[in-house]
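Please look at the ligand site with me. The notes below go through it point by point.

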Amino acid sequence: MFEVKAEAYDRFVGRYSPQLATALCDFAGVEVGMRVVDVGAGPGALTSELARRAGASNVVAVEPSEAFAHACRARVPGVEVVEAGAEALPLPNDAFDATFSQLVLNFVDDAPAAVREMARVTRAGGVIAGCVWDYSGEMQMLRAFWDAAQEVDPAGAAAHDEARMRWAREGELVELWERIGLLRIRSASLRARGRYSDFDDLWASFLGGVGPAGAFTVGLGEDDRAALRDALARRVGAGDQPFELTARAWAVVGTVP
Ligand SMILES: C[S@@+](CC[C@H](N)C(=O)[O-])C[C@H]1O[C@@H](n2cnc3c(N)ncnc32)[C@H](O)[C@@H]1O
């Protein structure tokens with residue numbers, strides 16, 4: 001799902017990531033000189049914002065997809081990019097002031113293990129911040145997509161809709177942060193906007209095969225894919241004019257004891 005070209009990701013969720021990264025950094029607080037980690041960095045939208053705020057040489061990005069790690073290295077010079085998964089961070093104990101994870105924890109097999117790892121590499125008094133889309137509600141692009149997919153392939157859509165994933169409902173990340181024993185936990189809802197030149201621009205973003213929605217789209221036969229396109233166009237109500245969709249993410253930050 002994420003072993004794809006960075007440009008395909010840019011067209012898809014990458015449209016929203018830079019705005020979300022700014023909102024997450026404002027929410028959690030990032031200052032010059034802080035040593036920070038971006039877990040599940042993708043092609044580097046949050047990494048880039050962390051580098052801008054903390055200084056590139058203070059940032060480590062961790063990303064398991066080789067193509068994304070390569071893009072992140074090229075896009076954010078001076079940052080150390082490590083190819084690894086969140087459940088076993090190849091980083092020393094207590095070495096960082098803050099550890100971030102944007103739009104990743106719902107995709108990780110063992111999210112509690114991942115957050116424990118984030119806490120292990122962060123010094124006492126440092127912060128851990130994360131966010132996940134509100135897939136069942138106000139992530140308009142993916143909600144409209146899966147509702148349209150339900151019309152075409154109800155069983156397939158029900159099986160792959162990210163709304164079924166853990167840690168994606170309001171309050172679930174807070175529960176996770178509490179379970180790991182983080183202190184002074186705060187939560188927020190963060191918003192980002194995706195701009196599209198027309199409906200075809202939106203539709204093309206699914207054809208890159210990125211994430212569950214992209215993989216679902218490219219896995220359909222030609223007739224079902226055409227039906228999905230029509231159903232999505234009806235739901236979004238967009239034609240050949242520019243339009244925007246909004247997306248909400250649930251965010252949490254806590255302090256390492
Ligand atoms: C939706 S993308 C988010 C990328 C980036 N953080 C952003 O905000 O644009 C999800 C990312 O999680 C990564 N990922 C998936 N499983 C992971 C794991 N077990 N550990 C770390 N990252 C993982 C994927 O490779 C992908 O880059």
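1. By class, the shell around the ligand holds 9 nonpolar, 6 polar and 2 charged residues. Here Ala, Val, Leu, Ile, Met, Phe, Trp, Tyr, Cys and Pro count as nonpolar, Asp, Glu, Lys and Arg as charged, and the others, Gly among them, as polar.

2. This is a predicted model: local features need pLDDT of at least 70, side-chain atom pairs count only at pLDDT 80 or more, and totals for chains, interfaces and linings use all residues. Residues are numbered from 1 along each chain as its sequence is written, and side-chain values use heavy atoms, with hydrogens and water left out.

3. Which residues are the closest to the ligand? They are Tyr9, Ser17, Gly40, Glu63 and Ala86, out of 17 that surround the ligand (a heavy atom within 4 Å).

4. Check the polar contacts (pairs of N or O atoms within 3.5 Å). A side-chain N or O atom of Ser17 is 2.7 Å from a ligand oxygen. Gly40 uses a backbone N or O atom, 2.8 Å from a ligand nitrogen. For Glu87, a polar side-chain atom lies 3.2 Å from a nitrogen of the ligand. The protein buries 92% of the 590 Å² that the ligand exposes when taken alone (Shrake-Rupley method, 1.4 Å probe).

5. The ligand takes up the space of the largest pocket (more than half of its atoms lie within 2 Å of the grid points). That pocket has a volume of about 560 Å³, the space filled by probe spheres set on the points. A pocket is an open set of points on a 1 Å grid over the protein atoms alone, where a 1.4 Å probe fits, with protein on both sides within 12 Å along at least five of seven lines; lining residues have an atom within 4 Å of a point.

Notes:
Polar contact = N/O pair within 3.5 Å; in protein donor to acceptor, adjacent residues only side chain to side chain.
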